[in-house]
Amino acid sequence: MPTAAFADNQQLHKIASEISAIRIETDIKKLVGFGTRHTLSETESDTRGIGAARRWIKAEFDKISAECGGCLTVYYQSETISGEKRIPNPTEVVSVIAIQKGQTDPSRYVVMSGDIDSRVSDVMNFTADSPGANDNASGIAGTIEAARVLSKYKFNGSIIYAALSGEEQGLFGGKIMAKQAKKDGWRIKAVLNNDMIGNIQGVNGVINNTTARLFSEGTRPTETDKEAITRRFTGGEVDSPSRNLARYVDKIADQYIPNLDTMMIYRLDRFGRGGHHRPFNQVGFPAIRIMETNENYNRQHQDLRTENGVNYGDTIDGVNFDYAAKLTSLNAVSLASMAMAPTPPSNVKIEGAVKPDTTLSWTLASASENPQLAGYKIYWRFTDSSQWQFSRSVGKVSEFTLKNVVIDNYFFGVASVAIDGTESPVVFPGAAGSFGN
Ligand SMILES: [Zn+2]
């Protein structure tokens with residue numbers, strides 16, 4: 001089956017090549033060096049605990065910003081949480097946010113995130129050594145490295161680098177950020193949540209550094225009863241904006257990241273596990289989880305120990321820095337591509353019942369916010385195909401009829417395309433697939 005490819009963009013190849021495994025290694029070692037980064041750990045020390053860790057992350061973002069003439073707005077985002085099962089007593093959950101403002105459409109955002117906090121066997125143990133090298137210093141180091149590389153470029157839309165806290169205690173940093181984003185009217189079009197991007201040796205012995213997983217939800221939790229009825233008749237179970245974001249990242253991997261194939265998993269997350277993309281999904285934002293394919297459970301959430309000759313614990317020797325860099329490149333190119341492209345089409349509609357033709361319509365993007373807009377591209381695929389297969393560029397119009405393409409036999413969507421060839425994710429018609437305005 002064919003897959004419709006993107007136009008090749010040299011700048012994106014360059015970005016992919018600029019991510020450094022050595023810098024990622026240095027940063028993971030630094031984060032591990034804080035002993036524990038447990039959300040309830042001490043905050044006064046400059047060398048140990050989550051306070052020292054977040055101050056270091058903020059200082060890194062500030063340093064990156066200084067090198068690009070102040071191109072990042074860096075701040076702490078915090079809220080005091082208490083009365084929760086895993087945060088019983090009042091505790092400040094503090095995330096570090098760095099925003100690279102877009103040139104023409106600054107209220108449109110794409111986000112890369114990782115988690116600051118770590119844990120051992122007992123989730124309430126905030127004093128034991130908890131290196132969290134892979135879970136999730138790898139995600140934080142990748143996020144900082146993406147900021148280093150992308151801050152040297154200018155984009156139409158805004159990019160956010162988020163070091164979130166309180167993940168292991170109940171996804172609190174993500175909840176706080178998603179709630180605030182909603183309140184402030186941020187147009188978040190994508191959250192790429194990185195949670196464990198450095199392990200290549202599975203607990204089952206499989207060693208694999210050429211694949212990664214993209215977890216995305218199917219139907220949306222924000223769907224109304226009426227929208228669910230519409231979806232029952234016209235489809236959309238496998239075309240949420242998060243799912244089409246996953247398809248986008250999958251295509252980026254094929255085109256820009258050598259020796260990396262992504263496995264799109266049609267599921268919110270792993271069984272019984274959580275991640276910081278979920279709070280964003282919860283309020284309607286497109287968000288996916290990016291992670292290694294083969295997990296090593298002996299290295300996750302474990303007290304540091306040796307039992308029957310087996311080493312337990314999330315230590316630095318379990319992280320493959322080249323692999324973490326590869327997944328970071330995937331993030332950086334995906335963020336750059338979306339931030340270069342025009343905003344995803346809004347108000348996408350489709351009709352064509354009992355006709356030989358299919359007509360799609362959408363709202364033409366604002367020219368002042370999207371001066372790079374070259375036009376639109378309609379995509380379609382067989383209903384049992386995982387990836388978009390066919391496409392047609394249709395120019396700068398807000399409606400187009402595909403002659404002799406029967407609506408019943410395919411799924412359809414629309415992407416916006418920039419003069420430089422970069423594209424937005426594909427937007428499936430109706431509420432089920434909407435990326436918002
Ligand atoms: Zn974890």
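## The chain as a whole

Start with how much is tucked away: of the 437 residues in the chain, 61% are buried. Keep in mind that this is a predicted model. The chain holds nine helices and 16 strands. Its radius of gyration is 21 Å, while the globule rule gives 22 Å for 437 residues; the two are close, so the chain is as compact as a globular protein of that length. If you lay the C-alpha trace along its principal axes, it spans about 65 × 50 × 45 Å.

How do the contacts run along the sequence? Take the contacts between residues at least 6 apart in sequence: 75% of them join residues at least 24 apart.

## Surface and charge

The accessible surface of the chain adds up to about 17,000 Å². Carbon and sulfur atoms account for 50% of that surface. As for charges, the chain has 47 positive and 49 negative ones, and the mean positions of these two sets are 4 Å apart.

## The zinc site

Which residues hold the zinc ion? The protein donors are Asp-135 through OD, Glu-168 through OE and His-301 through NE2, and they lie 2.0 to 2.2 Å from the ion. Along the chain, the donors follow the spacing D-x32-E-x132-H. Glu-168 and His-301 bring distant parts of the chain together, as they are 133 residues apart. Glu-168 sits in the loop between β4 (157–164) and α5 (172–183), and His-301 sits in the loop between β8 (287–292) and β9 (305–307). Both Glu-168 and His-301 are buried.

The donor Asp-135 has another feature worth a look: the peptide bond from Asp-135 to Asn-136 is cis, with omega near 5°. Asn-136 has its place in helix α4. For background, most peptide bonds are trans.

## Inside helix α4

Thr-143 also lies in helix α4, which covers residues 133–150. Is Thr-143 buried or exposed? Its relative accessible area is 1%, so Thr-143 is buried. Leaving aside residues up to four places away in sequence, Thr-143 touches Phe-61, Met-112, Ser-113, Gly-114, Tyr-161 and Ala-162.

## Two buried residues in other helices

Ala-246 is part of helix α7. With 0% relative accessibility, Ala-246 counts as buried. Beyond residues up to four places away in sequence, Ala-246 touches Leu-214, Ser-216, Met-264 and Ile-288. Ala-246 and Met-264 are 18 residues apart in sequence, and their C-alpha atoms are 6.7 Å apart in space.

Pro-279 belongs to helix α8, residues 278–282. Its relative accessibility is 7%, so Pro-279 counts as buried. Again setting aside residues up to four places away in sequence, Pro-279 touches Leu-171, Gly-174, Lys-175 and Ala-178. How far apart are Pro-279 and Lys-175 in sequence and in space? They are 104 residues apart in sequence, but 5.1 Å apart in space, C-alpha to C-alpha.

## A proline out in a loop

Now for Pro-258, which is found in the loop between α7 (241–256) and β7 (261–266). Why does Pro-258 count as exposed? Its relative accessible area is 64%, and the cut-off for exposed is over 50%. Pro-258 and Val-394 are 136 residues apart in sequence, and from C-alpha to C-alpha they are 31 Å apart in space.

## Two positive phi angles

Most residues other than glycine have a negative phi. Met-196 has a positive one, near 75°, and Met-196 is not a glycine. You can find Met-196 in the loop between β5 (187–194) and β6 (211–216). Its relative accessibility is 1%, so Met-196 counts as buried.

Asn-308 is not a glycine either, and its phi is positive at about 50°. Asn-308 lies in the loop between β9 and β10 (310–312). Here the relative accessible area is 80%, so Asn-308 is exposed.

Note on methods. Residues numbered from 1 in each chain as written. Predicted model: local features only at pLDDT ≥ 70, side-chain atom pairs only at ≥ 80, totals over all residues. Heavy atoms only, no water. Helix = DSSP H or I, 4+ residues; strand = E, 2+ residues; numbered from the N terminus. Rg over C-alpha atoms; globule rule 2.2 N^0.38 Å. Buried < 20%, exposed > 50% of the residue type's maximum accessible area, 1.4 Å probe, protein only. Contact = heavy atoms within 4.5 Å. Areas by Shrake-Rupley, 256 points an atom, 1.4 Å probe, with all protein chains shown as cover. Lys, Arg positive; Asp, Glu negative; His and termini not counted. Charge placed at Lys NZ, Arg CZ, Asp CG, Glu CD. Donors = N, O, S within 2.8 Å, 3.2 Å for Na, K, Ca; no water.
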